[in-house]
Amino acid sequence: MLDKNAIGRASPPTLNEVEKGAIRRFAEAIGDYNPIYYDEEYARASGYPTIIAPPTFPASFHSAADLRELLGVGIKSLLHAEQGFDYERPIFAGDRIYVSTRVSDVFERPGMSGKMDIAVIEDEGRDEEGNLVFRARRTLVVRAAKETP
Amino acid sequence: MPARKLYFEAIRVGDELPALAKAPVDRVQLSRYAGASGDFNPVHVDELYAKSVGMPSVYAPGMLVMGMLGQLISDWARGGQMRRYNVRFIKMVWPGDTVVCKGRVSDRHGSGGRYFVEIDLWAENQKGELVMKGSSQIQLFYSLEDENRQRSGQSPIVVEVPRESLSNATANAAAPTSPSGSAAPGGEDEDPDERHAGVSSKKTVPREKPAAKTASLPAAKKAKK
């Protein structure tokens, strides 16, 4: 059982600068060649100020979070079970986004081999004025490292 | 020249997104994704490590598959803005697997000049097995007219569109007001291009006519560039 006291534990915001090259490489890695991720003129003609990032791009953002520290356990393995994003607006090339991570829930769920420990980790991205840009939620099945007896 | 945009008025509950078959996943793609995402978890890039922890080989990170399903949405909803996107990872995707992304409109609603469609999404491998399941909410302009009004600083077209369930759509499709019947769920044999081409003929559902207070559309036309 994970420590319920972990709920609410958070990391300080970390600055992520959204670079065009990073957007391009991310879209290429997915195999998504929509010109909205590559071509400035196309993006402007589509009504955006500049190229935008694919919806899962926040997965590439850094945060200061160390899950071991946040959850307070050694981790043997993590299984990514669910992922969700809420977007206030698209992410644009040139954005400077501050990402912070917090433990939004820990609980047990019945699994195939007994109870599973679940942690829900929420990332929040804000622009320099403090406006919310996105929220991301990861639901992880956590197998804590066995403590030495 | 940007591709033609998708507008709320053209979408019906039950519409299918044109399926997207991705190229087979290979280890080079896994390396590229690791580099692009900054996630160098060795189970995705280091074959020896993956085998040492009991896996038959490296496997794709769930977020890569979520990115593929995201492409399905963005390709379809050009001009729309994604508001929400959630998935559940069901089955691992291995090198050599082909991911096929699919989706269907599950609901549509609008209020106060903001219009949303809800999409059910899923991804299958080449064996037809479900590897991921999810949903998304997209915000769209009601119509080209609405977009032009808003981009020229005018108020949006306001049409109250209550949430529609899939069962309501079936009822509507059966009613004489929807001659094409294209809102019927399960219309898998429908040609998506034909559907998009045919939108203009079925945009008039009586209860969705713009409210009288927003009937100043000719003025909006003048404001168009």
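How many residues does each of chain A and chain B bring to the contact? The views below come from a predicted model, in which the contact takes 26 residues from chain A and 28 residues from chain B.

**Figure 1. The side of chain B that touches chain A.** Three elements of chain B each give two or more residues to this side: α1 (27–37), α4 (62–76) and β2. The most comes from α4(B), with 10 residues. By residue class, this side of chain B holds 12 nonpolar, 10 polar and 6 charged residues.

**Figure 2. Strand pairing between chain A and chain B.** The view shows β2(A) beside strand β2 of chain B, residues 81–89. The two strands pair in the antiparallel sense, over 5 bridges. Two residue pairs can be followed along them. A:Gly84 has B:Asn86 in β2(B) as its bridge partner. A:Phe85 stands opposite B:Tyr85, also a residue of β2(B). In a regular strand, side chains alternate between the two faces of the sheet.

**Figure 3. Strand pairing within chain A.** Strand β2 of chain A, residues 75–87, pairs with strand β5 of chain A, residues 132–144. The pairing is antiparallel and runs over 11 bridges. One position in this pairing is A:Leu79, which stands opposite A:Val141 in β5(A). Strand β2(A) thus appears in two views: it pairs with β5(A) here and with β2 of chain B in the previous figure.

**Figure 4. The annotated span of chain A.** An unreviewed UniProt entry carries the annotation "domain: FAS1-like dehydratase" for residues 6–134 of chain A. Within this span, 17% is helix and 38% is strand. The C-alpha atoms at its two ends, residues 6 and 134, lie 23 Å apart.

**Figure 5. The fold of chain B.** Chain B has 8 helices and 5 strands. From the N terminus on, its elements run β-α-α-α-α-β-β-β-β-α-α-α-α. Of the 225 residues in chain B, 32% are buried. Among contacts in chain B with a separation of 6 or more, 69% join residues 24 or more positions apart.

Note on methods
Residues are numbered from 1 along each chain as its sequence is written. Chains are lettered from A and ligands numbered from 1 in the order in which they are written. This is a predicted model: local features need pLDDT of at least 70, side-chain atom pairs count only at pLDDT 80 or more; totals for chains, interfaces and linings use all residues. UniProt positions are given in the numbering used here, feature names are shortened, and annotations may be inferred rather than shown by experiment. Helices (H or I, at least four residues) and strands (E, at least two) are DSSP runs, numbered from the N terminus. Two strands pair if DSSP finds at least two bridges between them. Two residues are in contact if their C-beta atoms, placed from the backbone, lie within 7 Å. Ala, Val, Leu, Ile, Met, Phe, Trp, Tyr, Cys and Pro count as nonpolar, Asp, Glu, Lys and Arg as charged, and the others, Gly among them, as polar. A residue is buried if 20 or more other C-beta atoms lie within 10 Å of its own, exposed if 12 or fewer, and partly exposed in between; C-beta atoms are placed from the backbone.
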